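Biologist: I'd like a close look at just one part of this model: the aromatic rings, and the strands around them. Please keep it plain, and tell me what your cut-offs are as you go.

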Amino acid sequence: MPTKTLQIPTADGQADAFAAFPDRGTRRPGVLMYADGFGIRPVLRELAQELAGHGYYVLVPNVFHRHGPAPVIELPGHIGEEVRPRIMAQLMPLIEAHTTERVLSDADAYLEFLAARPEVAAGPVAVTGYCIGGLLAMRTAAARPAQVAAVAAFHGPVGAVGPDLLSALTAQVHLGHAEGDMTPEALGKLNQLLDAAGVDYTSEVYPGTAHGFTMSDTDAFSAAGLKRHWDHLLPLLDRALVSSWDSGSETKL
């Protein structure tokens with residue numbers, strides 16, 4: 001699956017990014033993918049390439065571009081529990097500096113970039129994210145409802161969003177929570193807020209999962225959880241972005 005390294009103009013300079021997309025020339029629906037807090041690395045490239053293989057142009061930006069190109073901090077090949085505290089201590093100042101204002105300013109740049117790409121089909125896009133990227137995805141979808149038709153967040157801190165953000169959502173939503181992140185009581189409260197806001201959503205705890213279950217380079221990885229993620233994400237994108245099939249073509253438009 002082809003990939004391309006990119007530079008995206010933002011209000012605060014160039015954001016490095018990469019895109020994965022099918023190697024045929026037909027325009028494809030766009031998906032903005034936000035990485036988890038560990039940022040762009042091989043596992044994110046694998047996820048983006050897998051998604052692109054289903055017929056999408058997938059853009060993965062370095063959300064910490066103000067602090068340098070990815071990888072912003074040095075990462076081991078496997079992020080085990082023994083090194084996680086040290087890595088998180090380095091990352092937390094970057095996460096805290098990535099204010100809502102910066103999130104939405106960057107989101108505008110990413111969405112404008114997708115809209116201008118000749119490889120991307122006209123119309124709304126989807127946004128998906130992992131861990132903190134799930135929260136960024138939700139903020140992006142709520143702030144730009146005319147541009148975002150679907151949003152998915154996996155093991156993300158979406159319980160931190162308030163009713164005002166939820167009421168702004170018009171996108172179709174899927175939230176896949178880690179069992180270790182969301183109690184039944186917290187899930188019920190969140191889903192009540194989604195119901196009250198009139199959101200078209202699914203929101204569930206993935207059984208037997210820990211925070212980070214989609215990431216194969218961490219101790220939290222769950223093959224069953226990753227599969228469940230694809231089982232939800234792909235139909236969501238199909239419903240929201242794919243309006244028709246070209247007769248006799250494998251290309252979704």
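Modeller: The charged end of Arg228 sits over the ring of Tyr206, 5.3 Å from its centre. To count as sitting over a ring, NZ of Lys or CZ of Arg has to be within 6 Å of the ring centre and within 35 degrees of the ring normal. Before going on: this is a predicted model, where local features need pLDDT of at least 70 and side-chain atom pairs pLDDT 80 or more, while totals for chains, interfaces and linings use all residues. Numbering starts from 1 along each chain as its sequence is written, and side-chain values use heavy atoms, with hydrogens and water left out.

Now the rings themselves. Rings of Phe, Tyr and Trp (its six-membered ring) pair if their centres lie within 6.5 Å; planes under 30 degrees apart are stacked, over 60 edge-to-face, and the rest tilted. That rule gives 4 aromatic pairs. In one of them, Phe21 and Tyr57 have ring centres 5.4 Å apart and planes at 10°, so this pair is stacked. Phe21 is in the loop between strand 2 and strand 3 and Tyr57 is in strand 4, so the pair ties together parts 36 residues apart in sequence. Strands here are DSSP runs of E, at least two residues long, and helices are runs of H or I, at least four, numbered from the N terminus. Phe21 and Tyr57 are both buried, meaning under 20% relative accessible area with a 1.4 Å probe and protein chains only (exposed is over 50%, partly exposed in between).

Back at Tyr206, its ring and that of Phe213 have centres 5.2 Å apart and planes at 40°, so that pair is tilted. Tyr206 and Phe213 are buried too. Arg45 does with Phe18 what Arg228 does with Tyr206: the charged end of Arg45 sits over the Phe18 ring, 4.4 Å from its centre.

Next, the strands. Tyr57 is the bridge partner of Gly30, and strand 3 and strand 4 pair in the parallel sense over 3 bridges; for two strands to pair, DSSP must find at least two bridges between them. Strand 3 has 5 of its 5 residues buried: Gly30, Leu32 and Tyr34 point one way, Val31 and Met33 the other. In strand 2, 6 of the 8 residues are buried, so it is largely enclosed by the rest of the structure. A hairpin with 2 residues in between joins strand 1 to strand 2, and those strands pair in the antiparallel sense over 8 bridges, with Leu6 partnered by Ala17.

All this belongs to an open sheet of 8 strands with mixed pairing, in the order 1-2-4-3-5-6-7-8. Strand 1 (3-10) and strand 8 (201-206) stand at its edges with a single partner strand each, so one side of each has no neighbour in the sheet. Strand 2 (residues 13-20) meets strand 4 (residues 57-61) in the antiparallel sense over 4 bridges; among the partners, Ala19 goes with Leu59 and Ala20 with Val58.

Finally, the packing. Of the 56 residues in the largest nonpolar core, Tyr34, Leu59 and Met138 touch the most other members. Such a core is a set of buried Ala, Val, Leu, Ile, Met, Phe, Trp, Tyr and Cys residues joined through side-chain atoms within 4.5 Å.
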